[in-house]
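Reader: I should like a close look at a single part of this model, namely the surroundings of its ligands. Please describe that part in detail and then place it within the rest of the chain.

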Amino acid sequence: MDVTAYAVASATSPFAKTVIERREPGPGDVLIEISHCGICHSDIHTARDEWGGTRFPIVPGHEIVGTVREVGSDVTRHRIGDRVGVGCLVESCRTCDYCLKGEEQFCRRRVGTYSGVGKDGRPTAGGYSTHIVVDEAFVVGVPEGISSAEAAPLLCAGITVYSPLRHWGAGPGKRVAIVGMGGLGHMAVKIASALGADVTVLSQTLSKQADGRSFGARDFRATSDPATFGELRRSFDLILNTVSVAFDVDAYLSLLDVDGALINVGAPSEPVSLKISSLFNGRRTFAASPIGGLPETQEMLDFCAAHGLGAQVEVISADQIDAAYDRVVASDVRYRFVIDAATMG
Ligand code: NAP
Ligand code: ZN
Ligand code: ZN
């Protein structure tokens, strides 16, 4: 079937309206009419070919919320009319240890919502589009209590921070710092606070301090202030870095107490370096974490609904995607741009 989408033809092209072909829904598929799609910084890294290897033209978008319009004959999990979400994955092998554990993000044969190859052998195309066809196993239910625009960013930003916060035990008694308060960072502040952790934001300036505190942070510091790193030395058990560019790893490691962990979810295209002594001193860990599996994505959505947590969003029309990209890169996002798919028609 032909559907409307927004694509870029090259790393330097603006977004343009186009028509793409989606497969007809098979027995296990659902056809979703998209209402909202968030703009993740990974969409920008990909559309601008900052990681290398982008295959153009590309339709980005992996923070998708919409309504089920058709279901295949074998579909049992979703019904026509359900409000549902799709994140970064649309397929995996389903038989490896990770798939069986619901950790599809580690499957060697996982397929991305865009930049992958779908069941039909064609390149997958993301959510900057009016409709998408996805196997029911990669579709989650969006609980009541969160608007669709505020739920869409949870499908990537939400799960990408929820998964490491849970894995590394953010909760009561844990001193957690969130570095960078953009799309991922602001959800990390909300989720870590709701988990009961003592949360500090480390942002370039103090301009977002009031927002950070309203999201649940107890403290908010500017990384541009040289005094910050001295004052906060050995102050945290866990640091979650969401910054989209390379950063001074040693400086952040120095903020960890003994056995503390610095977890990177930001995905800069440039390499970073560190001194091994920064790890020795305090038996510290430096690790990274990718998105999350389908069961944990559903758990995160239910957690957010139970705690009244949605993303803080600015809803835009499809003709504003290029301008939104420039604002995200300039750290001028409060705190996620979400495309209203009704403006694509
Ligand atoms: P974002 O909204 O642009 O947020 C990034 C934040 O980093 C900015 O708001 C800013 O926070 C800080 N920052 C930006 N430029 C900076 C600079 N030059 N120096 C210092 N700080 C800077 O991006 P996002 O959508 O949250 O994504 C963040 C990163 O995570 C991206 O690299 C993205 O590709 C990656 N990501 C990874 C996964 C995964 O699976 N691990 C999933 C999704 C996204 P302040 O203004 O508060 O300093
Ligand atoms: Zn993303
Ligand atoms: Zn697998």
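Author: **The ligand surroundings and their setting**

The side chain of H41 places an N or O atom 2.7 Å from an oxygen atom of ligand 1, a polar contact in the sense used here (a pair of N or O atoms within 3.5 Å; within protein, one must be able to donate a hydrogen and the other to accept it, and residues adjacent in sequence count only if both atoms are side-chain atoms). The model is a predicted one, in which local features need pLDDT of at least 70 and side-chain atom pairs count only at pLDDT 80 or more, whereas totals for chains, interfaces and linings use all residues. Residues are numbered from 1 along each chain as its sequence is written, chains are lettered from A and ligands numbered from 1 in the order in which they are written, and side-chain values use heavy atoms, with hydrogens and water left out.

Two further contacts involve oxygen of ligand 1. For M181 the partner is a backbone N or O atom, at 2.8 Å from an oxygen atom of the ligand. For Q204 an N or O atom of the side chain is the partner, with a distance of 2.9 Å. Considered alone, ligand 1 exposes 920 Å², of which the protein buries 87%; such areas come from the Shrake-Rupley method with a 1.4 Å probe, and for residues only the protein chains shown count as cover.

Helix 1 (41-47) and helix 5 (183-194) are the elements that give two or more residues to the shell around ligand 1. Helices here are DSSP runs of H or I with at least four residues, strands are runs of E with at least two, and both are numbered from the N terminus. Helix 1 makes the greatest contribution to this shell, with 3 residues. Around ligand 1 there are 29 residues, of which H41, M181, L184, S203 and R336 come nearest; a residue is near a molecule or strand if one of its heavy atoms lies within 4 Å of it. By class, the shell comprises 13 nonpolar, 14 polar and 2 charged residues. In this classification Ala, Val, Leu, Ile, Met, Phe, Trp, Tyr, Cys and Pro are nonpolar, Asp, Glu, Lys and Arg are charged, and the others, Gly among them, are polar.

Ligand 2 is a zinc ion whose protein donors are C40 (SG), H62 (NE2) and C156 (SG), at 2.0 to 2.3 Å. Donors are N, O and S atoms within 2.8 Å of the metal (3.2 Å for Na, K and Ca); water is not among the atoms, so sites may look incomplete. Along the chain, the zinc donors follow the spacing C-x21-H-x93-C. H62, in the loop between helix 1 and strand 4 (64-71), and C156, in the loop between helix 3 (148-151) and helix 4 (157-167), are 94 residues apart, and this pair links distant parts of the chain. H62 counts as buried because its relative accessibility is 8%, and C156 is likewise buried, at 5%. The classes are buried under 20% relative accessible area, exposed over 50% and partly exposed in between (1.4 Å probe, protein chains only).

The loop between helix 1 and strand 4 also holds P57, and the peptide bond from F56 to P57 is cis, with omega near -5°. A cis peptide bond likewise joins R334 and Y335, with omega about -10°. Y335 belongs to the loop between helix 11 (321-329) and strand 17 (336-340).

Two residues other than glycine have positive phi values. S115, in the loop between strand 7 (111-112) and strand 8 (131-135), has phi near 65° and is partly exposed, with a relative accessibility of 38%. D259, within strand 14 (residues 256-264), has phi near 65° and is partly exposed at 43%.

As for the chain as a whole, it has 11 helices and 17 strands. Its radius of gyration is 20 Å, close to the 20 Å that the globule rule gives for 345 residues, so the chain is as compact as a globular protein of that length; this radius is taken over C-alpha atoms, and the rule is 2.2 Å times the number of residues to the power 0.38. The C-alpha atoms fill a box of roughly 60 × 40 × 35 Å along the principal axes, and buried residues make up 57% of the 345 residues.
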